[in-house]
Amino acid sequence: MYTYTDFDENFVRTRVAQFRGQVARRIDGSLTEDEFKPLRLMNGLYLQLHAYMLRVAVPYGTLNPAQMRQLAYIADRWDKGYGHFTTRQNIQYNWPKLGDVPDMLDALADVGMHAIQTSGNTIRNVTADHFAGAAADEIEDPRAIAELLRQWSTDHPEFQFLPRKFKIAVTGAAHDRAVTKAHDIGLRMVRNDAGEPGFEVIVGGGLGRTPMVGKVLRDFLPKADLLPYCEAIVSVYNLLGRRDNKYKARIKITVHENGLDKMQELVEARFEDIRAGFTGHDQALLAEIEAAFAPPACVTKSTDGYEAARLANPAFRSWSDTNLSAHRAEGYAIVSISIKKHGATPGDATSDQMRVMADLAERYGHGELRISHEQNVILPHVHQSDLPAVYAALREADLATANIGLASDIIACPGMDYCALATARSIPIAQEIATRFDELKIEHEIGQLKIKISGCINACGHHHVGHIGILGLDRAGVENYQITLGGDGTETTTIGERAGPGFSADEIVPAIERLVTGYLSLRQDADETFLQAYRRLGMEPFKAILYPREDKANAA
Amino acid sequence: MPRHFTPKVVTANALLEGDAVWLTEDNTWTRDIREAELLTDEAHADLRLLEGQAQVHMIAGAYLADAKATTDGPAPTHFREAFRTRGPSNYAHGKQVDL
Ligand code: HEM
Ligand code: SF4
């Protein structure tokens with residue numbers, strides 16, 4: 001895996017030392033909150049509803065066991081023994097004390113991690129396919145590109161005060177597991193007619209209050225041109241992006257207001273200007289980074305033990321049917337560890353669980369872990385013969401829930417239980433929905449279903465791209481939940497459509513249950529997923545299920 | 001017609017811990033909303049907010065939040081403020097265990 005140079009280490013340590021001084025000056029009263037706030041945000045420190053919150057980047061979701069153990073150590077030493085994994089491949093600590101944060105950042109620096117650019121109007125943590133380097137459908141591991149982008153964007157002097165935050169996602173596979181079309185820049189690796197790898201460049205996607213699907217700016221960008229081209233995009237945005245209105249400041253609005261043609265013209269012109277300045281140093285660097293992301297040394301051994309365990313143990317079989325994905329190497333599997341045990345908080349892992357996952361990665365997983373944007377943890381390279389042992393250890397740690405991609409594998413933002421911006425709670429609703437489907441024992445029959453919930457219009461929980469999206473709102477001082485249907489966050493990205501009036505906190509779980517059991521009677525056969533059924537039938541039948549006629553009569 | 005003024009409390013986050021605190025009559029910050037000063041006059045509320053905000057070495061982000069009088073002291077009227085007096089609903093963390 002990629003390791004950092006002395007230069008990187010010094011850079012991060014210097015930043016921590018600087019911040020330590022700033023915290024001390026805030027505590028002794030020589031800095032006001034107004035002066036301190038931008039400084040703390042530059043170091044990932046927020047002030048939330050009940051406490052501070054520290055957001056730590058997990059670049060392109062990749063962790064090694066030592067890093068995962070350090071996250072556990074930080075959770076124990078300075079937080080409440082757990083961390084919250086997010087859709088942006090970050091981990092958030094919900095209870096740090098102001099005076100401890102510099103020590104937490106130093107502890108992160110000990111394992112090559114930091115919280116730089118996890119906040120602010122700058123290029124944020126670059127995210128990538130969580131199956132990178134392992135997926136059977138991949139052209140190339142996108143993480144080298146993500147790392148190159150990270151080095152280029154970190155402390156980039158031109159891009160520290162963009163009109164708004166800026167998010168880049170990369171995938172090297174045909175199937176989009178990185179929601180590239182909902183990012184400011186989405187990069188999808190493709191091959192041209194000559195078979196060379198390059199990128200389809202998508203701009204102007206985003207969720208939030210004005211959700212938009214990104215548009216293709218370039219069908220094919222040679223790999224070697226990536227940095228100058230991205231630099232051209234961000235610099236055009238930096239000039240053109242609106243600074244008069246925070247809600248119109250994202251590049252999606254810039255693209256929308258200026259048109260794709262104009263963006264193309266400006267980006268290409270800027271690209272021509274700056275391309276010559278990239279004298280090949282970036283390509284030398286990329287080659288070094290690529291070497292560091294060399295695939296693991298996979299071995300060839302018998303998978304008989306795996307087959308036997310599947311036959312002998314139905315619980316293992318169910319877990320392996322649901323939580324494994326195809327690996328490119330013969331005899332290997334990608335393991336998705338569900339951080340969504342029924343009734344638990346989506347994305348939360350205790351320090352003990354983090355250590356178990358670190359141990360498993362070390363013992364059976366070639367020393368690699370990934371955080372998925374769906375708030376789960378991945379062991380990307382596990383030999384099938386080791387799966388029974390991995391499963392047994394996960395079970396012991398309460399991490400063996402067989403629900404990846406199913407109704408209870410819900411993405412939920414922190415909502416009003418933690419977030420100062422929230423208008424309603426998300427977590428309890430997610431917990432209740434998951435518990436309900438567990439009681440009904442129909443999750444596996446329902447099949448692939450993505451339920452996503454956000455506690456306000458910022459859409460951190462990705463509700464716009466959920467097959468079923470739930471948005472928590474404040475309606476006259478009462479929590480109210482609006483449903484959207486038909487969203488999709490894959491290569492066929494679609495923004496969900498609002499179903500109708502919202503539901504109260506008491507009504508929302510029964511409404512979701514009605515919707516999903518209703519789908520079971522509407523689908524053509526067991527292979528037709530909820531999303532496919534919705535696409536075939538449209539909103540009406542689902543609306544009729546959600547709002548039965550007698551309710552309408554009563555409301556009138 | 002003058003706007004109807006609903007009673008308020010001055011609230012903020014404690015500087016060191018980050019948890020919710022409320023301003024008392026004698027200018028200290030309490031972790032228990034029931035000990036807060038209930039402000040029923042708009043001009044006085046504005047003044048108290050400024051006085052609270054000035055204590056930058058103690059708190060961050062002071063604002064006025066709606067509250068009502070009860071026999072047990074001020075209580076929140078909006079669910080957001082009610083959560084701040086308790087803590088999150090998924091774990092017994094925050095004020096529900098601290099107090
Ligand atoms: C509790 C602390 C958090 C705060 C204060 C926060 C704040 C925000 C804000 C202000 C936006 C809107 C940005 C805009 O105007 O476009 C946003 C969007 C977003 N946040 Fe969060 N967030 C928090 C936690 C999270 C978590 C836990 C996740 C993952 C579960 C997350 C992932 C996202 C995503 C994916 C967006 C999507 C919007 C987009 O850029 O298209 N955030 N967040
Ligand atoms: S969607 Fe809203 S409530 Fe949820 S984490 Fe994001 S900003 Fe907070």
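These are my notebook entries on a few places I looked up in this structure, which is a predicted model.

**Entry 1: a sheet in chain A**

I began with an open sheet of five strands in chain A, and I wrote down its order as 6-7-8-9-10, with mixed pairing. Which strands are at the edges? They are strand 6 and strand 10 (215-222) of chain A, and each of these pairs on one side only.

Next I looked at strand 7 of chain A, residues 168-171. I wanted to know whether its two faces are covered or open. Both are covered: A:I168 and A:V170 are buried on one side, and A:A169 and A:T171 are buried on the other. I reminded myself that side chains in a regular strand alternate between the two faces of the sheet.

**Entry 2: the neighbours of strand 7**

I then followed the pairing of strand 7 of chain A. Strand 6 (residues 127-128) of chain A runs parallel to strand 7, and two bridges join them. Which residue is the bridge partner of A:A128 in strand 7 of chain A? I found A:V170 there. Between these two strands the chain passes through helix 5 (residues 143-153) of chain A, and this β-α-β crossover is left-handed.

Strand 8 (residues 185-191) of chain A also pairs with strand 7 in the parallel sense, over four bridges. Here I saw A:I168 opposite A:I185. A handy note for me: strands of a sheet pair through backbone hydrogen bonds, either parallel or antiparallel.

**Entry 3: around ligand 1**

My next stop was ligand 1, which has 22 residues around it. Which of them come nearest? I listed A:T87, A:R164, A:L207, A:R250 and A:C460. By type, the shell divides into seven nonpolar, nine polar and six charged residues.

I looked up some polar contacts with oxygen atoms of the ligand. For A:R250, a polar side-chain atom lies 2.5 Å from an oxygen atom of ligand 1. For A:R164, the distance from a polar side-chain atom to an oxygen atom of ligand 1 is 2.9 Å. A:K167 has a side-chain N or O atom 2.9 Å from an oxygen atom of ligand 1.

Ligand 1 also has an iron atom, so to speak my favourite find here. What does the protein offer this iron atom as a donor? It is a single one, the SG atom of A:C460, 2.1 Å away. I traced A:C460 to the loop between strand 17 (451-454) and strand 18 (468-475) of chain A.

**Entry 4: a look at A:D398**

I found A:D398 in the loop between helix 13 (387-396) and strand 16 (411-412) of chain A. Why does A:D398 count as partly exposed? Its relative accessibility is 40%, and partly exposed covers values between 20% and 50%. I also compared its place with that of A:A269: the two are 129 residues apart in sequence and 55 Å apart in space, C-alpha to C-alpha.

**Entry 5: three strands in chain B**

Last, I turned to strand 2 (residues 20-23) of chain B, where both faces are covered. B:A20 and B:W22 are buried on one side, and B:V21 and B:L23 are buried on the other.

Strand 1 (residues 8-14) of chain B pairs with strand 2 in the antiparallel sense over three bridges, and B:T11 stands opposite B:W22. Their hairpin has five residues between the strands, and B:G18 takes a positive phi near 80°.

Strand 3 (residues 29-30) of chain B is also antiparallel to strand 2, with two bridges joining them. In strand 3, B:T30 is the bridge partner of B:W22. This hairpin has five residues between the strands, and I noted a positive phi near 70° at B:N27.

Methods
Residues numbered from 1 in each chain as written. Chains lettered and ligands numbered in written order. Heavy atoms only, no water. Buried < 20%, exposed > 50% of the residue type's maximum accessible area, 1.4 Å probe, protein only. Pairing = 2+ DSSP bridges. Right-handed = clockwise from strand over helix to strand, strands pointing away. Near = heavy atom within 4 Å. Polar contact = N/O pair within 3.5 Å; in protein donor to acceptor, adjacent residues only side chain to side chain. Nonpolar A, V, L, I, M, F, W, Y, C, P; charged D, E, K, R; others polar. Donors = N, O, S within 2.8 Å, 3.2 Å for Na, K, Ca; no water.
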